Structures are given as C-alpha cells and as structure tokens.
Amino acid sequence: MKQIHGLHISEHKGHKELSLTHDMVEFLTPEFIYIPLIEQGSVCTPCVSVGDKVVVGQVVANKTGRFSLPVHSSVSGEVTSIDKKMWHAMGKMVSCIEIKNDYLETKSETIQSNDVNSLTREDIIEIMKNCGIVGLGGASFPTYVKNNVTQPIDHLLINAAECEPYINNDYFILKTNDLREKFIRGVKYAMIACGANDAVIAIKKNKKHLIEMLEEDLKDSPNIKLYYLNDVYPAGWEKYIVQHVTKKTYKNLPSEAGCVVNNVATLFSVCEAVEMNKPLIEKTVTFTGKGLKNPCVMYTKIGARVSECISQIKGYVEDLDPSNTYLIAGGPMTGRSIMFDTLVINRSFGSVIIMPKEEKKIELNCMGCGKCADNCPVDLSPILIKQAVEDKDKKAMQELCAFKCMQCGLCSYICPSKIELTEAVGKAKTALAAK
Amino acid sequence: MNSNLRFSLGKAPFIRKADSGTNTYTIMRDFIIGLLPLVVFAWVKNGIIPMINGDCGFYEMIYPLLFCVLGGFFTYAIEYIYYFLTKEKITFTKESLLETHKVVMGSFAIIPGLLLAMIMPLNTPIWVLLISSIFATLIGKLLFGGFGCNIFNPALVGYLFFGVAYQGLTSFMNPTEIETIITGATPLGNFHNNILSSGSELIAPYGTVWDFLLGTIPGSIAETSAILCIISFAWLTYRKVINWKIPVIYVGTVFVLMYAVVLFDGRGGDLLYPLFHVLSGGLLFGAVFMATEPVTSPKTPNGKVVYALGLGVLTVLMRLKSNAVEGVATSIMAMNIFTLIIDRICSRVRAQKNLKKTLITYVSIAVILIVLSIYPINAVTKTSVKSSQNFEASSISEVYKYSLTIENNKFDVFTDQDGNISKITNDKYSSGENLEEVKKMIKQNQRFGFVSKFYKDGENYKVNVNYLSSVEQNNRKFTVYFTFDKNYKLTSLYVIDKEDGGDYDESYDMYIPGFYEYNGEIVEDVLPGIIVDNQNDLYNIKPITGATTTSNAFVEATKIAVNFMKDVKSGKVSFDNYVLEAK
C-alpha cells in the first residue's frame, strides 16, 4: 500500500508562533450574537420567535436533514430577529437568529453537573447529541454520529496535528494546563462513547514541549498512547492519520479501519458537555496574521461577530490596506477570503487570518512539471482535470476521479505557474455532483 | 462598530510556493545555471586546451563559447521578431519593445538555442546554427503555440533537422583530438564498426574510463563530461527543477539492457560494456537536460516511469539496430509523441485505484517494452554466432570455399568467382529458406582475391594479389604486392589502390596504426608489421580500431598469398603451370 506523504510547508516561517506571542483573550460579552440557520449545508429551523427571551444554553433552532442536531443560544437576552442576513464563513450571506445580549448570563436549567461515573455509552452519546457537539476540525460533522458506530472499534484516534499553517486552537488547548486536563478527560469519555480500548494521540514530531507535557500527564493512562506525525501538510487529514497509525486504509469512513477520529477541540467540548451538560456555545478561535496588532487565541461565544472580537484585541495594524489584504475565514490552505469583517463565528469556525497579499504576478502556461500530480494526497492529476474542465468533458472528469478531491489546496500551493488548480478541480467536483 | 473595511478576495490556498520559493522563472533560471558548467567545460576542452597545445589560434579558441552564446541569442532573437511582428499594433516605442522582451523572457526562448548549440558537433558553421535555430523555434515551438504547447523538444527538432540537412559539414573533433586520436570517429561511431567488441576495446582508443567521466573524448560541443552532467543533475534535483525519476530510470534501463547484451553473448563479467554506453553518445546529457524537459515529458509520476523505461528501451534499440550513430535524440523525440497518451492512461490508472485495471495496464506496457528490448538484443547476439564463419579461398582454381557456422552446424560452401554457389557440404542448407540465408551471408562476406602475378626477383619471390572487397568497401579494388624470401617467408608487403580519389596515395605502404587483437591480447601496432610477424597465424589477427574493414581485407589478401606460396613450396604450382593473369 502506498503511503500518503504530504508536503512540508516552508513558507511564512513563524506562522504558528504568531498567535502564541500573546496570552489567550477571553471575550464572552458580545453585544449581539448571530446563530446561522445553516449548518453543514442543511437548513436549521428556528424554534424561537422575535421578542422571545432566551437563556444561555437554550435550544433556539434545530438542524434538519440526515443528522438532526439542536443549536443553542450562547448568551441570555432577547431575540431581535430570526432572519438577519449576515456574512458566513462559507463566503455568502445567510439568515441568522439575532439575539441581543442582556449581559445577565442566565443559564439554562439543563446546564448542571452529571454524575460522570454512572454514565453508560448510550448516555454519553445522548449527551453529545443534546449538547450539539460537532467536529471542530472544520467539517462540523455531528460527533454523536461519528462515535455511534456499529463496527467494533480498535482505536480512538485523536487528531492533534492541526496541519494548517497559522491555526493554533488545538495547540493552545494542549499547552494550557487546565484545558489539557479537560481534554484528557474528554478522551476517556470518547473512548467509552465509541467503545475503543485504547486511544492514540497523533501529534506532530516538532511540537516537542507539547509532547513532553502530554507524556507527563499520560503516565497513569497506559491505554492512551502518542503517535508522532511528520511536519507535513495534510498530516491532519483523517485518512492520513488512520493510514499512518494503523497502516490500514478505508474508503468512506474511518470505522471501516476500526477507528474513530476526533480532534482536540472537539474532545475538549465533549468533556465540558459530559461533565457539565454544557452545550457547544463557546470555543477557541485563532485571530492571527500580520494585519493584527495583537494576534492571539481567543475564547469566545459562538455567534459573535469577528469585527467585535478584533476590536477587543486592539484591532488592526494602523497601516492596514484592506484592498491589499485578505481576511481569511479558516486556514490559509482551505479557507475562504471574506470581503467584510462582520462575519459571524459559527460552530466549526476555527480562525481568522488577516494576511497582507504578498503575491507575484505570474501568467504563464502550464509547463507540465507535474508537481501537482506528484503531491496530490489522493493521487489525482489536477492539471489534467483542469484541462477536462476547460473542455467541459464530463466523462474525462469522471475517469480522472475528480470527485475524490478533498480540496486540500496542495496543487495550487505548489504550482510554479500559479495556476488555479484547486478551484478547477472543485468545479469538476461540482459538475460531477450535479449530474 | 460597523466598519467599512472591504478586504480583497482571493482563491484558496492563500499561501503559494511560487510567491516566495520555486516558481517557473526560478526553475528556468536554475536550469540555465545547471547548464553553465558544461558550457565552461566545453570552452576549456575545445578552445583553451587546444590553444595551450598550440593547435589553434584565438578565433578557434573562442569559438566554442561564442557558439553556445550565439545559440541562445539566436532563438531569443527569432522569438522576439516573431512576437514583435504578431502584435496587434507594431510600434517602435520603448514600452512596446520592453513589453515584447518580457513576453519572450516568459517564453524562456534562450533555453532551446543554448541546448541546441551544446549538442551540435564542433566546427559547425554559425550559419548552420542559425538555420537550425530558426527551424527549432518556428517549427518546434511557435508553430504549436509557444511555451507550454509544444509536443517535441524544440532543441531536438533543430538538432534532427541539422542531422538530416548538414551532418556532412561537421566533425566532432577539436584540433587537439585531430592530432592525437587516430580513428577519426566518436566512441559511438567506432562502436558501430563492431557492435560486440568488449567494453575495454571500446574504451581503449580514447584513454580510460576516467576520460569518459571527465569528458576528454570526442563528441558534441558540451555533452561529453559525465561528471559535470551528474553534478548538474544533483543540483537540479536539489533545486526541484527536474524530477529524479526520468534520468535515473532512463540511464538505469540502458545500463541493464546493455549488460543483457554481453550476458547473452556469454561475457557476463564485462561491466565496462554497459558503462561505455552510459558514458558515451550524450546519453547522460540527454537524460538530464533533454528527457526531463517538463513541457514534453509526462506530468504524472507513474507516467514519468513509463516514459523513462520507454526511452531506455528505444535508445538500446537505436544503438544496436540502427545505422544512425545518435540514439538519444531520436529516442526522446519518439517518446515525446507518446507523452500525451502515457499521461492519459497513467493519470486514470493512478486515480482510480482499480487493481485489475492497474495490473492489465502495467502488464501490457511491460510486455511491449520487453518485446522491444528482446528484439535487438536477440538479433545482435544471434548475428554474432552466424558471423563467426571463416573465410577461406583457394587461390588457384578460382573456386572459393567459405566455412560457415550456422546454429552450431559447421559446413563448407564452394562458389565461383562471381559468388555462384557450386556446392554445399550440408544438405540442410542447400535448399529453401536456409539456402537463401546462406546466399545472403556469402554475399555479405564475398571477397574476391586472386594472385594476379607471380615472378622471381633474384632470390626472392614476388606475388601480386588483386583484391576486391565487395560490400563494405563499395567494391574497392586494390593490388597488394608481397615479397617472399627464398625460404618462402613473407618479408614485406605494400599496396597500390586502384580507386582514384580514395584515401590512399598511389603507393600506399599500408601503414595503418591501430589496436589489434592477437591471440586474445590487445596490442598496438601497425598492420604490415603484425602481418609479417604472424604470417603463419593470420587467423588470429583481428583489427579492432583503425580502418578495420580495410585492414581485414589486407589480412585476407595476405592469406591468399601465403596459401599460394604453400602450394609453390609443395610443388603444386610452378612457374610453368601458373597461367592466371589479371583480368
């Protein structure tokens, strides 16, 4: 079996350290919060109406579609609109429930501590569902679905790779002592939830101080092991981790290889949910990039606006030239540039990067070096797919398996002529899905 | 709170390697840097050293460098003119001229011309370079749509055009080599004289393996130095300009297949033979700088492997079974054609991960390649068995006897002077296809020689042999004059070439220096000397270098004379019954 290699990203040296230069900022008092009524592409139906008083942790909407999931309010206050259009990290405006904060932090009655020792597997899965825990790695796949598998599970894999440049959410949790303890407890609950006997934390080799801290903490937990990943992109890809840890591969879901993969931030939320019944209403978000005065990791309410958060950390640098700067929601490899900073933080929102454009203009034909095909983690040939897209040749796109693309962005990253390959393959994928 | 910032929009990923590291411009710049050591070496080897040796003047000294620089300049100028004239509006403002310059630099116009100049033979006139550059750029590159669109490597298009049109105008020797190297051929040209020579025999005329590694052997201007090619390969791989797969697999395939040749020929230990092939004929230069040209080689990683294997097999096929000296350029051009189809098949196989389909595809490609490589190896090694026939001709009766060995059957064939077969001692070969085979071999090896004059000069006997070497020497006729002493020992020989305008003076003393194999040992000698010294053992003289065909003919003529003198000694022939006169 061919191992996925990945590629070390050497550009933007010091990108990870940027947001670690300042302490974590806690910002739990946004003026308004906006709960997007769309998640994972499916619509959420609001269950409150304008004028209603809501409390922290109250269910305000329910996600429809294949995997239903409640959506909670992250502040207490009054619903002022249920169809407010706001910018979303997807790059378009979506309807949101607008809630005006009354700063009272009245908590819902459901938020109370559980008797942890008496919880069974089914209980934990039920808690995960009721608290609306989703995967915080970016895909926001409901965690209860992920853990509720029928196949026997050998390993619970914890994705601590965070291979996207700049982002530091998981590292921050691992670095901070009390957060790390919560995370380790979260690992134990997740092991019960998926029925795994042992857990493997996959972490990049070069994070030596984190590894030391984890080894120290895991002394008494022989069934939680560490696995060291190379410092490459996309080391945080589910398939990459499963393949490197278990030497097995799978087609659709990791459970085929006897694994369940969760990331660090998710397990942190799992811990809070299991112990306190606290829904997913707060999370860490990395605010970083050269365009910010104080890049940092922020612990904030879901639904807060990015502009408000940025003003909490002294705002942008003085000489910011917005027309020459990107505001990226998500990582620099897979994220999206958003035109306005009034976008809202949704559940799977990981980071905001304010990055000045440092671009060279290169307008050349493809010279056929084949670096895109060489580095593709799923063995596609992006340049040939691009040609098929230009020819509108659906058959060729199908034969070239454009649908296997996971949009990691490596092909566009590596292309010496700066051809927009990731975009082209994305188009092919859409064209194939539309058939 | 409601700020009016409008950020710019872009496409993921927002980090691009091309912005700070490797981009197409740096790749092409590094490629040229990789070529520079070879240009300098070419200048030192073909210009400076001959001048130090006093073999040439200043102009000849500067010529190799000038030639390479001009090559790059020509292709640049041609593309400049092309893009300037095809602009919407032709204006002679500074901006307009600069803009065209930028377009041409973005088309990397210098590289094909530089490469073309580097693979041309020395002493090519500059106007030939100009015409080849025009052909390379216009037909090889611009006709297809410019940079990134060409199917064939433009430099090779120019080179093949030059090969067809102007090859005769040039030689591969620099002034010093003309003085010191006797054979007048490049190592590969020499190889074609005898495909199955041993590795040491092939290398010997040009020095040692070290000369091949350093590049102090005759060849194209800048492609001879193996070490510099390897250093450039390391540099280009380190800078991620080229992919290591194509050069390594290409050279590896040639080595393995050439080793198979000696293996099937029963000389398993002769590693110098495959090494000779790797180090000569611009194979390393072609593998590193030509085969890796990204536009014309496959884009998929597995496609690159198939491409490189194909190159290796084709090069071996060309070297063993083609009269053309050059195998590398033609192989690369041939594989360029298949690049698109290789990419098409390999990209699908790689993405789909369908085990059955993958197996079928790779197995069929392997079968094609194996058949293509078995054919030349088999043909060459089989010919060697067949050609081990002995040639013997009876001098008196005008009946010629050929001792043949075909498929381990030894038998004799008798013919008259015109080559008509009168008797075959093995019935198996006297009819049908086998007879045709025998006829073909007789025709190939037919040599006519007879004693045209026999007289006594004092105590010595004088024998003149008229000899016609039919095939290889374009029916060259010459007469060899032998002198035997009273004890019937050969004492001297000389030749007068009957062909006008040939390489020989009227009275040519057969002073052909070279390397000869005698009783398995390689000795450096002159031909008459070795013939006189070994007159009783002529079958063991095997010319290796030098004008081998001519030398062979002289040895055969000597056999006729020596056999004739045996008959004289035994009384079969006397002056009374010797009647044959020159026809």
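**Close-up views of a predicted two-chain model**

**Figure 1. A:Glu162, a buried residue with positive phi.** A:Glu162 has a relative accessibility of 11% and therefore counts as buried, the cut-off being under 20%. The model shown here and in the other views is predicted. Phi of A:Glu162 is near 40°, a positive value in a residue that is not glycine. In chain A, A:Glu162 sits in the loop that runs between strand β10 (155-160) and helix α4 (169-175).

**Figure 2. A:Lys247, in the loop after helix α7 of chain A.** The loop that holds A:Lys247 lies between α7 and β13 (259-263). Phi of A:Lys247 is near 60°, again a positive value in a residue other than glycine.

**Figure 3. The cis peptide bond between A:Tyr233 and A:Pro234.** Omega of this bond is about -5°. A:Pro234 belongs to the loop of chain A between β12 (224-229) and α7 (238-246).

**Figure 4. The cis peptide bond between B:Ala12 and B:Pro13.** Here omega is about -5°. B:Pro13 is placed in the segment of chain B that precedes α1 (17-20).

**Figure 5. Surroundings of B:Met258 in helix α13 of chain B.** Helix α13 covers residues 245-264. B:Met258 has a relative accessible area of 0%, so this residue counts as buried. Apart from neighbours within four places in sequence, the residues in contact with B:Met258 are B:Tyr273, B:Pro274, B:His277, B:Val316, B:Arg319 and B:Leu320. B:Phe285 is 27 residues from B:Met258 in sequence, and their C-alpha atoms are 18 Å apart in space.

**Figure 6. The contact between chain A and chain B.** Chain A contributes 68 residues to the contact and chain B contributes 50 residues. Together the two chains bury about 5,000 Å², of which 57% is on carbon and sulfur atoms. Which three residues supply more than any other three of the area that chain A buries against chain B? They are A:Met339, A:Leu364 and A:Met367, with 14% of that area.

**Figure 7. Salt bridges and polar contacts across the interface.** The rule finds 7 salt bridges between chain A and chain B. One of the pairs in a salt bridge is A:Asp374 with B:Lys245, whose closest N and O atoms are 4.0 Å apart. Between the chains, 22 residue pairs are in polar contact, with both residues at pLDDT 80 or more. On the side of chain A that touches chain B, strand β16 (residues 325-329) gives the most, with 4 residues. By class, this side of chain A has 32 nonpolar, 19 polar and 17 charged residues.

**Figure 8. Chain A as the setting for the views of its loops.** Chain A has 14 helices and 18 strands. Along the principal axes, its C-alpha atoms fill a box of roughly 65 × 50 × 45 Å. The radius of gyration of chain A is 22 Å; this agrees with the value near 22 Å that a compact globule of 435 residues would have. Of the 435 residues of chain A, 60% count as buried. Among contacts in chain A with a separation of 6 or more, 71% come from residues 24 or more positions apart.

Key:
Residues are numbered from 1 along each chain as its sequence is written. Chains are lettered from A and ligands numbered from 1 in the order in which they are written. This is a predicted model: local features need pLDDT of at least 70, side-chain atom pairs count only at pLDDT 80 or more; totals for chains, interfaces and linings use all residues. Side-chain values use heavy atoms; hydrogens and water are left out. Contact means heavy atoms within 4.5 Å. Buried area is the accessible area (1.4 Å probe) that two parts lose on being put together, summed over both. A salt bridge is a side-chain nitrogen of Lys or Arg within 4 Å of a carboxyl oxygen of Asp or Glu. A polar contact is a pair of N or O atoms within 3.5 Å; within protein, one must be able to donate a hydrogen and the other to accept it, and residues adjacent in sequence count only if both atoms are side-chain atoms. Helices (H or I, at least four residues) and strands (E, at least two) are DSSP runs, numbered from the N terminus. Ala, Val, Leu, Ile, Met, Phe, Trp, Tyr, Cys and Pro count as nonpolar, Asp, Glu, Lys and Arg as charged, and the others, Gly among them, as polar. The radius of gyration is taken over C-alpha atoms; the globule rule is 2.2 Å times the number of residues to the power 0.38. Buried means under 20% relative accessible area, exposed over 50%, partly exposed in between (1.4 Å probe, protein chains only).
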